[in-house]
Amino acid sequence: MTASVTNYQSGTVDDLNKGLGVLDAPLVPSAAQGLGWRLLDEEISLPAAVLYDAKIAHNLRWMQGFVNEYGLNLAPHGKTTMAPKLFQRQLAGGAWGITVATAQQARVAATHGVKRVLMANQLVGRRNIAIVAELLREPGFEFYCLVDSVDSVAQLGRFFAAQPAGQVQSIQVLLELGPTEDQSGSRTGVRNAAQQQAVLAELARWPAQVKLAGMEVYEGVLKAEAEIRVFLQRAVAVTHEIAMAGGFSRARPILSGAGSAWYDVVAEEFAKAEQATPVEVVLRPGCYLTHDVGIYRAAQNQIQQRNPVAAKMRGGLQPALQLWAYVQSVPDADKAVIALGKRDAAFDAGFPEPALHYRPGGGERSPGSTPAHWKVTGMMDQHAYLAIQPGDDIRVGDMIGFDISHPCLTFDKWRHLLLLDEDYRCIDIVQTFF
């Protein structure tokens, strides 16, 4: 049996893929542009994940503008989307590089033309190190990863010391500083001066193989602003201390931090670093690109209130990712069942929120807002339960657009997302590489 393939004016829908298929694999970036399928005309199999082009463009300008106000650099975290087309838009908008979390993600970025990658994680394991070593042999490719232990430095040192003559012989690393033992959060990173000194001593054993290029922190493990500021100030002080001792391989060491919730605080504290030491500050938020209506909207509201630069910038960030699905059944007067489930949307930080309602063939050109009392009350693999009220105008076959919380864990459920214009027409397909 052959796959069901439907030809429309501008392209091909491949029903073997959830939402919308592609013309070939891997997707040629230019192959899907200007396709013209209209979501509301039911030319797309639902459920489908969609991105709104105008909102993506706005969020790109907003965040790059914020970073520029502080004179800093932006290396957005690519793990949020793992979508090279979006990486390229971020780079074209002024990003310094792309952040990743794994060797596989670094290969995806490099394969799709990213020339500067910061791996905000430790690089551990022979095959993972070998992947990066292969990438470093490519002309013009720049890579950084983290170290926070004697063992991690020694593993890198031994690997690169054993490389055949004529092949890559060194790797650039950032020393990761972690919260101290008396602080409330922890993950990776050196905790105290003794650990820090031990790692620096091990780095000194491998000067030709492992080059200390700067410092890194992840402040998101801490929850209180005051505690975060103390942590960031410690990072600035340690950077200055190592620089004064001649411990960095770069004239301007990298100083990097910032997830998507506290990037403004990191910008404020790290922007002060150059008063003592010439540094290259790199911020790494990733979720700003699509934003959301949940945890990151709450975080952004706090940023808008506490940060004067963000407060004066127009528009704020806008939610640019939605999931569209059909009403599958209305079995009870107070409940509708939606053909959308845990296989399609993040649910770790709150259920999807109904936002838009459209009835195909109803004569309306655009969807309307959903009633405020419609709420998702539960999700299964392929179903969501939508609380409604008796008498609500909702039917089987209606289309519902859902906003989400936590874009990272929605992107990784989709191989392809539709990029829509303001008339809900597909103008491109964004492919992910999870």
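Here is a quick tour of some spots worth finding in this structure. Keep in mind that you're looking at a predicted model. We'll start with a charged pair of residues, Lys-413 and Asp-344, that touch each other, then visit some helices, and finish with a few backbone oddities.

**Around Lys-413 and Asp-344**

- To find Lys-413, go to the loop that runs between helix H11 (408-411) and strand E19 (416-420).
- Lys-413 is partly exposed, because its relative accessibility is 25% and that class starts where buried, meaning under 20%, leaves off.
- Setting aside residues up to four places away in sequence, Lys-413 touches Lys-18 as well as Lys-342, Arg-343, Asp-344, Ala-345, Ala-346 and Phe-347.
- One of those partners, Lys-342, offers its backbone oxygen to the side chain of Lys-413 at 3.1 Å.
- Another partner, Lys-18, is 395 residues away from Lys-413 along the chain, yet the two C-alpha atoms are separated by 9.8 Å.
- Asp-344 sits in a loop too, this one between strand E13 (335-338) and strand E14 (353-358).
- Is Asp-344 buried or exposed? Asp-344 counts as buried, because its relative accessibility is 1%.
- Leaving out neighbours within four places in sequence, Asp-344 is in contact with Lys-18, Pro-47, Leu-323, Gln-382, Thr-410, Lys-413 and Trp-414.
- Lys-18 therefore turns up in the contact list of Lys-413 and in that of Asp-344, with contact meaning heavy atoms within 4.5 Å.

**Helix H5 and the loop after it**

- Helix H5 covers residues 150-161, which makes twelve residues.
- From first C-alpha to last, H5 reaches 16 Å, close to the 16 Å expected at 1.5 Å a residue.
- Which residues of H5 are buried? They are Ser-152, Val-153, Ala-154, Leu-156, Gly-157, Phe-159 and Phe-160.
- The cover over those buried residues includes two helices, H4 (126-136) and H6 (193-205), along with strands E7 (142-147), E8 (171-176) and E9 (210-216).
- Gln-169 is in the loop between H5 and E8, and with a relative accessible area of 32% it is partly exposed.
- Beyond its neighbours up to four places away in sequence, Gln-169 touches Phe-160, Gln-163, Pro-164, Ala-208 and Gln-209. Phe-160 is also among the buried residues of H5.
- The side chain of Gln-169 reaches the backbone oxygen of Gln-167 at 2.9 Å, and a polar atom of that side chain lies 3.2 Å from the backbone oxygen of Pro-164.
- If you want a sense of distance, Gln-169 and Cys-408 are 35 Å apart in space, C-alpha to C-alpha, and 239 residues apart in sequence.

**Helices H7 and H8**

- The axes of helix H7 (residues 225-244) and helix H8 (residues 263-271) come within 9 Å of each other and cross at roughly 35 degrees.
- That crossing of H7 and H8 is right-handed.
- On the H7 side, the contact is made by Glu-225, Ile-228, Arg-229, Leu-232, Gln-233, Ala-235 and Val-236. On the H8 side, Val-265, Val-266, Glu-268, Glu-269 and Phe-270 take part.
- What kinds of residues make up the contact of H7 with H8? Seven are nonpolar, one is polar and four are charged.

**His-58 in helix H1**

- His-58 belongs to helix H1 (residues 53-70), and it counts as buried at 14% relative accessibility.
- Neighbours within four places in sequence aside, His-58 is in contact with Arg-314, Gly-315, Gly-316 and Gln-318.

**Backbone oddities**

- Most residues other than glycine have a negative phi, and most peptide bonds are trans.
- Leu-46 and Pro-47 are joined by a cis peptide bond, with omega at about 10 degrees.
- Pro-47 lies in the loop between strand E2 (12-14) and strand E3 (48-52), and it is one of the residues in contact with Asp-344.
- Glu-42 is in the loop between E2 and E3 as well, and its phi is positive, near 60 degrees.
- Glu-42 is partly exposed, with a relative accessible area of 39%.
- His-291 also has a positive phi, about 60 degrees, although it is not a glycine.
- Look for His-291 in the loop between strand E11 (280-283) and helix H9 (295-306), where it is buried with a relative accessible area of 4%.

Key: Residues are numbered from 1 along each chain as its sequence is written. This is a predicted model: local features need pLDDT of at least 70, side-chain atom pairs count only at pLDDT 80 or more; totals for chains, interfaces and linings use all residues. Side-chain values use heavy atoms; hydrogens and water are left out. Helices (H or I, at least four residues) and strands (E, at least two) are DSSP runs, numbered from the N terminus. Buried means under 20% relative accessible area, exposed over 50%, partly exposed in between (1.4 Å probe, protein chains only). A polar contact is a pair of N or O atoms within 3.5 Å; within protein, one must be able to donate a hydrogen and the other to accept it, and residues adjacent in sequence count only if both atoms are side-chain atoms. Axes are lines fitted to C-alpha atoms, for helices over the stretch in contact, and angles run from 0 to 180 degrees between N-to-C directions. A crossing is left-handed if the near helix is turned anticlockwise from the far one by less than a right angle, and right-handed if clockwise. Ala, Val, Leu, Ile, Met, Phe, Trp, Tyr, Cys and Pro count as nonpolar, Asp, Glu, Lys and Arg as charged, and the others, Gly among them, as polar. The expected span of a helix is 1.5 Å times one less than its number of residues.
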